[in-house]
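Open the model in your viewer and keep the selection panel handy. We will start with the whole chain and then move inward.

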Amino acid sequence: MSLCPPYAPFFGFAGVASAMIFSTVGAAIGTSKAGIGISGLGTFKPELIMKSLIPVVMAGIIAVYGLVVSVLIAGSLKPNDYTLAAGFVHLGAGLACGLTGLSAGYAIGYVGDSCVRAFLNESKVFVSMVLILIFAEVLGLYGLIVALIMNTSAVGLTC
């Protein structure tokens with residue numbers, strides 16, 4: 001059996017798709033949930049809207065992580081010199097980035113929604129909201145780092 005079967009790039013492209021799709025869905029969930037909280041806050045205290053946009057911005061960064069990983073994986077794809085092992089490594093890298101992006105976006109959305117609503121009543125919540133959002137964002141950052149390490153390890157795998 002050949003080290004470079006013709007179907008090996010399928011797994012690399014599945015990694016590209018996984019990184020983009022899952023991280024973008026996570027960013028969309030985070031943006032929508034936090035946006036609902038901001039909309040509720042804006043009806044009572046419109047002057048707090050700009051300060052409350054932090055969860056939406058942080059959710060958008062999650063999609064950028066998936067974009068970076070998918071571009072790096074797509075740049076590593078070579079049609080005639082691509083092993084099955086490299087395909088599986090790239091699939092794992094895409095899943096690592098995408099699924100952690102999905103979970104981070106979910107966490108950012110729910111924390112953002114709850115904390116923005118609490119910020120309406122008590123301004124002291126703002127600092128703790130930012131800290132919790134940073135911890136949620138780090139979940140996606142861990143996935144990005146793991147995906148970068150995996151992509152680097154797949155560089156030497158050639159036919």
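Helices (H or I, at least four residues) and strands (E, at least two) are DSSP runs, numbered from the N terminus. Colour by secondary structure: the protein has 4 helices and 0 strands, in the order α-α-α-α along the sequence. With a radius of gyration of 19 Å, well over the 15 Å that the globule rule gives for 159 residues, the protein is more spread out than a compact globule. That radius is taken over C-alpha atoms, and the rule is 2.2 Å times the number of residues to the power 0.38. Turn the C-alpha trace along its principal axes and you will find spans of about 65 × 20 × 20 Å.

A note before zooming in: this is a predicted model, where local features need pLDDT of at least 70 and side-chain atom pairs count only at pLDDT 80 or more, while totals for chains, interfaces and linings use all residues. Residues are numbered from 1 along each chain as its sequence is written, and side-chain values use heavy atoms, leaving out hydrogens and water.

Next, show the surface. About 7900 Å² is exposed, and carbon and sulfur atoms supply 77% of it; these accessible areas come from the Shrake-Rupley method with a 1.4 Å probe, and for residues only the protein chains shown count as cover. Buried residues make up 43% of the 159, where buried means under 20% relative accessible area, exposed over 50% and partly exposed in between (1.4 Å probe, protein chains only).

Now hide the surface and select Leu41, Ile62, Val69, Ile108, Met129 and Leu133, which touch the most other members of the 29-residue largest nonpolar core. Such a core is a set of buried Ala, Val, Leu, Ile, Met, Phe, Trp, Tyr and Cys residues joined through side-chain atoms within 4.5 Å. Helices H1 (8-44), H2 (54-76), H3 (84-121) and H4 (125-153) each give two or more residues to this core, and H3 gives the most, with 9.

Centre on Ile108. Leaving aside neighbours within four places in sequence, Ile108 is in contact (heavy atoms within 4.5 Å) with Pro55, Met58, Ala59, Ile62, Leu133, Ala136 and Glu137.

Stay on H3 and pick Asp113. Is Asp113 buried or exposed? Asp113 is buried, at 11% relative accessible area. Beyond four places in sequence, its contacts are Lys33, Ala34, Ile36 and Gly37.

Finish on H1 with Ser18, which is buried at 10% relative accessibility. With the same sequence neighbours set aside, Ser18 is in contact with Ser23, Leu91, Gly94, Leu95 and Gly98.
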